[in-house]
Amino acid sequence: MLSYADFKGAKLIVELGGGDGSITKGIIERMDPDATLLVFEISKEFCDNMKLEFPQKNVKIICDSAENLDRYLRGKRADLILSSLPFSLIPKESRQQIYAKSRSAVKHQGKFIQICYSYLLRFQFAKHFKQISTSFTLRNFPPAFIMVCQA
Ligand SMILES: C[S@@+](CC[C@H](N)C(=O)[O-])C[C@H]1O[C@@H](n2cnc3c(N)ncnc32)[C@H](O)[C@@H]1O
């Protein structure tokens, strides 16, 4: 998933669904030292663990739903949004909010990158993003689709 993102020059990066922090760690290893990373995660336990694991000042662990993304960006736009949110489990109304807010929050040249298990998600993203390229990776278990979306 990370290999689809261009971290060089990306100054504002957002991760949706930080979980146990394994993707977060990969982002931090690759991002510019002066970049800022905002990580959204609704599980307090995961958030507490990530706050301990990633105490860097430029990494903000936000224990809130991705559907409130706009409140934290306050008008700024992200170069990259990386999501491993389980959209099939998220209620439709929240899902729609996350798609629309992610679309508004990513820069025109930026990318929204999703890892997922269903190709059908592409049709939902297509209502919000003009360009979508889909790849399939066996390097994840279970194998997964990577969808790279641009406005
Ligand atoms: C597939 S897991 C993430 C895996 C994680 N990236 C990792 O590498 O371990 C999805 C995560 O999304 C979180 N999540 C679900 N709905 C969310 C929402 N609306 N906003 C933010 N996080 C959410 C879940 O709590 C879960 O930790």
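Two strands count as paired if DSSP finds at least two bridges between them. In this predicted model, strand 6 (residues 131–137) and strand 7 (residues 144–150) meet that condition with seven bridges, running in the antiparallel sense. One of the bridge pairs sets S133 opposite V148 in strand 7. The connection from strand 6 to strand 7 is a hairpin of six residues.

**Salt bridges**

Side chains of opposite charge can pair when their charged atoms come close. With a limit of 4 Å between a Lys or Arg side-chain nitrogen and an Asp or Glu carboxyl oxygen, the model has seven salt bridges. The table lists three pairs, including their closest N to O distances.

| Pair | N to O distance |
|---|---|
| K11 and D32 | 2.8 Å |
| D34 and K11 | 2.8 Å |
| D70 and K101 | 3.1 Å |

K11, D32 and D34 belong to one network of salt bridges. In the bridge between K11 and D32, K11 comes from the segment before strand 1 (12–16) and D32 from the loop between helix 1 (22–30) and strand 2 (36–40), so the contact ties together parts 21 residues apart in sequence. K11 is partly exposed, because its relative accessibility is 35%, and D32 is buried, because its value is 16%. K11 also bridges to D34. That pair, too, links distant parts of the chain, with D34 in the loop between helix 1 and strand 2 and K11 in the segment before strand 1, 23 residues apart. D34 has a relative accessible area of 53% and is therefore exposed.

The bridge between D70 and K101 connects two helices. D70 is in helix 3 (residues 69–73) and K101 in helix 4 (residues 92–105), so this pair ties together parts that are 31 residues apart in sequence. Both ends fall in the intermediate class of accessibility: D70 is partly exposed at 39%, and K101 is partly exposed at 21%.

**A buried glutamine**

Q114 is located in strand 5 (residues 106–116). With a relative accessibility of 0%, Q114 is buried. Its side chain makes a polar contact of 2.6 Å with the side chain of S83. Leaving aside residues up to four places away in sequence, Q114 touches M1, S83, S84, L85, F87, L121, F125, F145, I146 and M147.

**Nonpolar cores**

In soluble globular proteins, nonpolar side chains tend to be buried together. The largest nonpolar core here has 27 residues, and V14, L16, I81, F87 and F125 touch the most other members. Strand 1, strand 2, helix 3, strand 4 (78–83), helix 4, strand 5, helix 5 (121–125) and strand 7 each give two or more residues to this core. A second core, separate from that one, has 24 residues, among them L2, A10, I28 and M50.

V14 illustrates the contacts of one core residue. Beyond residues up to four places away in sequence, V14 touches L37, L38, F40, L69, L73, A78, L80, I81 and L82.

**Annotated region**

An unreviewed UniProt entry carries the annotation "domain: Methyltransferase" over residues 13–110. In the model, residues 13–110 are 39% helix and 24% strand. The C-alpha atoms at the two ends of that range are 10 Å apart.

Terms used. Residues are numbered from 1 along each chain as its sequence is written. This is a predicted model: local features need pLDDT of at least 70, side-chain atom pairs count only at pLDDT 80 or more; totals for chains, interfaces and linings use all residues. Side-chain values use heavy atoms; hydrogens and water are left out. Helices (H or I, at least four residues) and strands (E, at least two) are DSSP runs, numbered from the N terminus. Buried means under 20% relative accessible area, exposed over 50%, partly exposed in between (1.4 Å probe, protein chains only). A polar contact is a pair of N or O atoms within 3.5 Å; within protein, one must be able to donate a hydrogen and the other to accept it, and residues adjacent in sequence count only if both atoms are side-chain atoms. Contact means heavy atoms within 4.5 Å. UniProt positions are given in the numbering used here, feature names are shortened, and annotations may be inferred rather than shown by experiment. A nonpolar core is a set of buried Ala, Val, Leu, Ile, Met, Phe, Trp, Tyr and Cys residues joined through side-chain atoms within 4.5 Å.
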